[in-house]
Amino acid sequence: MRSQKTERRAKEKVFSVCLLFSVFCLLLFISGCKQKQVQIKIGDVPPKFTLPDLKGNKVTVPDEFNGKVLIIRFWADWCTYCAEEMPAIDVVYNKYKEKGVIIIAVNAGQPKEVAEAFVSSLKISYPVLLDTYSVTAKRYGVVGLPTTFILDRNGVVREKILGETDRESFERMVMGLL
């Protein structure tokens, strides 16, 4: 009888140690996953990034667009507002691209085939970059789609749009930076 009690206590100790170790590992994992939430604000110079476009060419933003009014728009195909706004924004792009406006549409978290099919169905003409694992979106503090950053010719954020906007408002923001 005594050996059964001793054996049961030994098993309880092993279980307790395993449980404590598991809790410790879980807490360590959670604390390692906590990242400082990035918050790009108006007046900031956003971080540089390099992503492939739909043809596989590497594009470095904002470096390749110095001196231009640069719009960086994060989107995904499941975003209803994105589907509605991207063609309207294309109208603004085509109207002002000769005056130095560039729009970069960054697909957040989707494979190339999904982004390509969506863009093709909308017939947009501005460049599309692939952020397949949303690394850049996270660096920019994107928490919802669409999220749009409008940078002046010096690379400074002058507007930040969370969610939808209409063509007229978008065009006014762009015209104010030309």
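This is a short conversation about a helix pair and a strand in a predicted model.

User: Why is helix 2 called roughly parallel to helix 5?
Analyst: Happy to explain! The axes of helix 2 (residues 80-96) and helix 5 (residues 167-175) cross at roughly 30°. Angles under 35 degrees count as roughly parallel, so helix 2 is described that way relative to helix 5. The two axes come within 9 Å, and the crossing is right-handed.

User: Which residues make the contact between helix 2 and helix 5?
Analyst: Helix 2 brings Ala88, Ile89, Val91, Val92, Lys95 and Tyr96, while helix 5 brings Arg167, Phe170, Glu171, Val174 and Met175. By class, eight of the contact residues are nonpolar, three are charged and none is polar.

User: What makes strand 6 mostly covered?
Analyst: Good one. Buried means under 20% relative accessible area, and five of the five residues in strand 6 (residues 147-151) are buried. Thr147, Phe149 and Leu151 point one way, Thr148 and Ile150 point the other way, and all are buried. That fits a general pattern: in a regular strand, side chains alternate between the two faces of the sheet.

User: How do you know that strand 6 pairs with strand 3 and with strand 7?
Analyst: Pairing takes at least two bridges. Strand 3 (residues 69-75) is joined to strand 6 by five bridges, antiparallel, with Phe74 opposite Thr147. Strand 7 (residues 157-162) also runs antiparallel to strand 6 and is joined to it by five bridges; there, Thr148 has Ile161 as its bridge partner.

User: What lies between strand 6 and strand 7 in their hairpin?
Analyst: Five residues, and in this hairpin Gly155 takes a positive phi near 80°.

Notes: Residues numbered from 1 in each chain as written. Predicted model: local features only at pLDDT ≥ 70, side-chain atom pairs only at ≥ 80, totals over all residues. Heavy atoms only, no water. Axes fitted to C-alpha atoms, helices over the stretch in contact; angles between N-to-C directions. Helix = DSSP H or I, 4+ residues; strand = E, 2+ residues; numbered from the N terminus. Parallel < 35°, antiparallel > 145°, perpendicular 65-115°, else oblique. Left-handed = near helix turned anticlockwise from the far one by under 90°. Contact = heavy atoms within 4.5 Å. Nonpolar A, V, L, I, M, F, W, Y, C, P; charged D, E, K, R; others polar. Buried < 20%, exposed > 50% of the residue type's maximum accessible area, 1.4 Å probe, protein only.
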